[in-house]
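Trainee: I would like a close look at a single part of this model and at what surrounds that part. Please take it strand by strand, then move outward.

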Amino acid sequence: VEAGTRTLTGAPGGAYWQQRVDYDIRATVDPASRLLTGSETITYHNNSPDTLGDVFFHLYQNLFAEGAVRTRFVPITGGMTLERLEVDGVPRELDPEDRSETVINGTTMIVKLPAPLAPGGTATIEVDWSFRIPEGDAVPRMGMVDSTTGQIAQWYPQIATYDDLRGWDTRP
């Protein structure tokens, strides 16, 4: 309320803002192997009054990785494999042992920007990835029932919410 982004009722105030994210995604599915491969270009618009040094992602497919924290049984498929990540044309290191540019922790990922993203600025993020679609129809929001029928949801690397209440949504 004091910052002017919210009113006492919780409605947006005069200084309210929302981030904007535009995705251009190209993906293919090989039904026989259940392999989904994708490539995306993300344009992130920083409409906040904050300068951002990091961008947080949700990698929901990592629910299916070995050792992932979960509350129910799911088939293990290996999770999401990131093959390339660039921010404004600058490659970001994806080696899990080298946490200087990216940190993947279960279904979340922090990407350290090569340069701070000022208010009103944009960043272009390119990501190539793949994952094996779990087999079956009892998998949460995902699964190949047979070679012609599948349910695909939460399937691409998504930028997390950044808002005036909590900053980045870092919940797995």
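Mentor: β3 is mostly covered in this predicted model: of its seven residues, five are buried. The strand belongs to an open sheet of four strands, ordered β6-β7-β3-β11, with antiparallel pairing. The edges of that sheet are β6 (102–105) and β11 (158–159). Each of these two has a single partner strand, so one side of each is left without a neighbour in the sheet. As a rule, the strands of a sheet pair through backbone hydrogen bonds, in either a parallel or an antiparallel sense.

Consider the two partners of β3 in turn. With strand β7, residues 108–117, β3 pairs in the antiparallel sense over six bridges. Two positions fix the register: Phe 56 has Ile 110 of β7 as its bridge partner, and Asp 54 stands opposite Lys 112 in β7. With β11, β3 is joined by two bridges, and these strands also run antiparallel. Here Phe 57 has Ile 159 of β11 as its bridge partner. In a regular strand the side chains alternate between the two faces of the sheet.

The sheet also contributes to the largest pocket, which has a volume of about 560 Å³. β3, β6 and β7 each supply at least two residues of its lining. The lining comprises 27 residues. Those that lie nearest the centre of the pocket are Tyr 60, Leu 63, Val 69, Thr 107 and Pro 172.

Beyond β3 (52–58) comes the loop that leads to β4 (81–87), and Gln 61 has its place there. Although it is a loop residue, Gln 61 has a relative accessible area of 2% and is therefore buried, the limit being under 20%. Leaving out residues up to four places away in sequence, Gln 61 touches Gly 79, Met 80, Phe 131, Met 142, Ala 153, Gln 154 and Trp 155.

One of those contacts, Gln 154, deserves its own note. Gln 154 is placed in the loop between β10 (149–152) and β11. Its phi is near 45 degrees, a positive value in a residue other than glycine. At a relative accessible area of 32%, Gln 154 is partly exposed, whereas Gln 61 is buried.

A positive phi also occurs at Arg 34, where the value is near 65 degrees and the residue is again not glycine. Arg 34 lies in the loop between β1 and β2. Its side chain forms a salt bridge with Glu 135, the closest N and O atoms being 3.9 Å apart. That pair links distant parts of the chain, 101 residues apart, with Glu 135 in the loop between β8 (122–132) and β9 (142–146). Glu 135 counts as exposed, at 56% relative accessibility.

The structure holds nine salt bridges. Another of them connects Asp 164 and Arg 6, whose side chains meet at 2.7 Å, N to O. This pair too links distant parts of the chain, 158 residues apart: Asp 164 is in the loop between β12 (162–163) and β13 (167–168), and Arg 6 is in the segment before β1. Asp 164 counts as partly exposed, at 24% relative accessibility. A further salt bridge joins Asp 169 and Arg 171, with 2.9 Å between the closest N and O atoms. Arg 171 is exposed, its relative accessible area being 58%. Salt bridges that share partners also join Arg 84, Glu 86, Glu 126 and Asp 128 into one network.

Last, β1 itself, which spans residues 20–30 and contains Asp 24. With a relative accessible area of 38%, Asp 24 is partly exposed. Its side chain and that of Arg 26 are joined by a polar contact of 2.9 Å. Apart from neighbours within four places in sequence, Asp 24 is in contact with Ser 39, Glu 40 and Thr 41. The C-alpha atoms of Asp 24 and Ile 42 are separated by 6.4 Å, although the two residues are 18 apart along the chain.

Notes
Residues numbered from 1 in each chain as written. Predicted model: local features only at pLDDT ≥ 70, side-chain atom pairs only at ≥ 80, totals over all residues. Heavy atoms only, no water. Buried < 20%, exposed > 50% of the residue type's maximum accessible area, 1.4 Å probe, protein only. Contact = heavy atoms within 4.5 Å. Polar contact = N/O pair within 3.5 Å; in protein donor to acceptor, adjacent residues only side chain to side chain. Pairing = 2+ DSSP bridges. Salt bridge = Lys/Arg side-chain N within 4 Å of Asp/Glu carboxyl O. 1 Å grid on protein atoms, 1.4 Å probe; cavity = no way out; pocket = protein on both sides within 12 Å on 5 of 7 lines; lining within 4 Å. Points joined across faces, edges and corners; volume = space filled by probe spheres on them.
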